[in-house]
Every structure is written in structure tokens, then in C-alpha cells.
Amino acid sequence: MKSITSAANATFKAWLRLAEHPREARAQGRALAEGLHLAQAALEAAVPIEAALLRHGAACPEAARLADAAIAGGAAGYEVAASLYDRLSPVEHGAGLMLVTTVAQQRLPERARRDMLYLDGVQDPGNVGALLRTAAAAGIRDVLASPATAALWAPKTLRAGQGAQFRLRLHEQVAITSLPGVLAGDWMGADARGGEPLWSVPLPAAPVGWIFGAEGGGLSAAARAACRRLVSIPIDAAVESLNVAAAAAVCLFERRRRLSASR
């Protein structure tokens with residue numbers, strides 16, 4: 001296992017760019033996955049792993065075991081000085097294990113016959129990660145993100161997604177004008193202020209694309225124009241709206257429930 005003790009090390013500097021610049025993952029084609037859960041998820045998904053980083057002085061047997069598994073699969077192993085590792089980690093007291101994984105550039109689907117999700121300017125990494133986790137749990141496989149959406153592979157988004165990124169086909173920087181050719185079905189948008197109640201809206205057997213908008217502002221005008229229907233979730237009158245990830249969970253699992261009931 002190689003040792004890195006200097007901030008001037010070129011390899012460390014490349015990792016630091018990944019840690020400090022959310023869009024760098026797309027530029028470098030790789031991402032930093034910190035923690036035991038993400039490491040286990042990456043190994044289970046058999047994603048390509050370039051390197052396993054252990055924090056010097058970290059005495060966690062599970063971290064060492066997962067690092068050994070990554071190295072056995074072809075990853076390079078590094079022991080990183082504690083002060084340098086902490087500059088890379090998105091959390092103050094992490095597990096002392098970080099994997100550098102390859103980020104696959106996925107081809108945009110054409111007339112796909114499966115449900116999918118489009119994130120229209122969702123800017124909080126925690127919300128984006130939660131949306132990805134919800135999509136994976138609901139059986140969605142393709143998630144598209146507008147240029148204004150937070151980076152899907154940024155460290156904070158990865159941590160919030162809890163490994164969902166490794167089970168999804170992710171497409172970033174997708175313009176709203178691309179949506180008609182992506183799906184062999186209709187797009188539906190969640191609109192807290194003017195959509196039809198979800199419980200009474202017919203959901204077709206054909207594929208559905210779901211669009212969820214930015215925190216606060218909701219769907220952009222272009223996204224609303226791309227939707228065949230707008231739906232809302234009936235909530236208590238004293239509450240203005242749901243968190244975007246919570247709203248997505250309601251919509252996606254209502255869709256899943258109806259599909260299961262029709263079989």
C-alpha cells in the first residue's frame with residue numbers, strides 16, 4: 001500500500017479537486033465514495049474502483065476488509081496522512097475509508113419504454129441524493145438531470161444517495177428540450193400549486209416520465225410546457241408544500257402501487 005503524506009502529491013491534488021468542486025466528477029470521470037456503506041455498495045455493484053484510501057491511524061477492521069476487497073479487485077491501495085484524508089472527506093468523523101470509483105458516461109435513452117425521472121434544477125445535494133435513493137427503491141433505472149441540478153456524483157450527493165448512484169443509469173446536463181425523444185410515453189410534473197390531485201389522476205400503462213422541480217421555485221416554465229399533465233399531492237392546508245424528495249416518494253410509490261394492483 002502506497003503512502004501519501006504531502007499535499008503536493010499530484011494524485012492527492014486530483015482527488016482534492018473531486019472533493020472541492022462538485023462538477024469535477026464529470027470532468028475527471030471518477031468520484032469519491034466515503035464510508036463503509038458506500039464502499040460496500042460499490043463492491044456489490046461491481047463498479048470499477050481505481051483506488052482505496054485508508055486514513056492513517058484509522059483502526060476499523062471493517063474499513064481494512066473493504067479496502068482489501070477493492071485492492072483484490074484491481075484497485076490501487078493508499079494510506080493517506082490523517083490531515084490530508086480529512087481534507088478529502090465530506091464528514092468530520094468518517095470511517096477512514098474512501099474509494100475512488102469510475103463514473104460511467106451513460107448514453108441518453110431513445111424512446112425508452114420504462115419509467116424515468118427528470119430533476120429540473122434541484123440544487124441541494126442532500127435532496128438530490130435522497131431523490132436518487134427513492135428512485136432506485138421505486139424501481140426507476142434512468143435518472144436525468146438538468147444543467148442547473150446539483151452534481152449527481154459530488155461527494156455530498158453520493159453520501160445522501162447511500163449507494164443509489166451505483167444502481168442507476170445517470171444522465172447529467174440534459175436539456176429539457178431533449179425529453180420528447182427520450183421516452184416512449186408522457187412526462188408528468190409535480191406541481192404543488194396547481195396540479196390535479198394525484199389520487200384521481202389516471203396513470204397510463206405506458207411509460208411515465210416524472211419531473212420534479214427546484215426547492216421553493218418548483219418546475220420551470222420549460223418543464224411545465226414539457227408535461228402532458230401536472231399532478232399535486234393533497235396535503236394539510238396549513239402546510240405550503242412537501243420536501244421534493246418526499247413528494248417524489250409519494251408519486252413514485254403510488255405509481256408502483258397501481259402497476260402492482262393492475263397485474
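Here are three short exercises on this predicted model, each with a worked solution.

**Exercise 1.** Work out how helices α3 and α4 sit relative to each other, and which residues meet.

*Solution.* Start with the axes: those of α3 (residues 36-44) and α4 (residues 61-72) come within 10 Å and cross at roughly 25°. Angles under 35 degrees count as roughly parallel, so α3 and α4 are roughly parallel to each other. Their crossing is left-handed. Now look at who meets whom: α3 brings Leu 36, Ala 39, Gln 40 and Leu 43, while α4 brings Glu 62, Ala 63, Arg 65, Leu 66, Ala 69 and Ala 70. Sort the residues of this contact and you get seven nonpolar, one polar and two charged.

**Exercise 2.** Find the largest nonpolar core and the helix that gives the largest share of it.

*Solution.* The largest nonpolar core has 71 residues. Inside it, the residues with the most contacts are Trp 15, Leu 53, Val 143, Trp 153, Phe 166, Trp 210 and Phe 212. Helix α10 (residues 244-262) supplies the largest share of this core, with six residues. Another core, of 15 residues, lies apart from it, and includes Ala 112, Met 116, Leu 144 and Ile 176. Next, zoom in on Trp 210: leaving out residues up to four places away in sequence, its partners include Trp 187, Met 188, Cys 251, Leu 252 and Arg 255.

**Exercise 3.** Locate Arg 107 and decide: is Arg 107 buried or exposed?

*Solution.* Look in the loop between β5 (97-102) and β6 (116-120); that's where Arg 107 sits. Its relative accessibility is 75%. The cut-off for exposed is over 50%, so Arg 107 counts as exposed. For a distance check, take Glu 254: Arg 107 and Glu 254 are 147 residues apart in sequence and 29 Å apart in space, C-alpha to C-alpha.

Methods. Residues are numbered from 1 along each chain as its sequence is written. This is a predicted model: local features need pLDDT of at least 70, side-chain atom pairs count only at pLDDT 80 or more; totals for chains, interfaces and linings use all residues. Side-chain values use heavy atoms; hydrogens and water are left out. Axes are lines fitted to C-alpha atoms, for helices over the stretch in contact, and angles run from 0 to 180 degrees between N-to-C directions. Helices (H or I, at least four residues) and strands (E, at least two) are DSSP runs, numbered from the N terminus. Angles under 35 degrees count as roughly parallel, over 145 as roughly antiparallel, 65 to 115 as roughly perpendicular and the rest as oblique. A crossing is left-handed if the near helix is turned anticlockwise from the far one by less than a right angle, and right-handed if clockwise. Contact means heavy atoms within 4.5 Å. Ala, Val, Leu, Ile, Met, Phe, Trp, Tyr, Cys and Pro count as nonpolar, Asp, Glu, Lys and Arg as charged, and the others, Gly among them, as polar. A nonpolar core is a set of buried Ala, Val, Leu, Ile, Met, Phe, Trp, Tyr and Cys residues joined through side-chain atoms within 4.5 Å. Buried means under 20% relative accessible area, exposed over 50%, partly exposed in between (1.4 Å probe, protein chains only).
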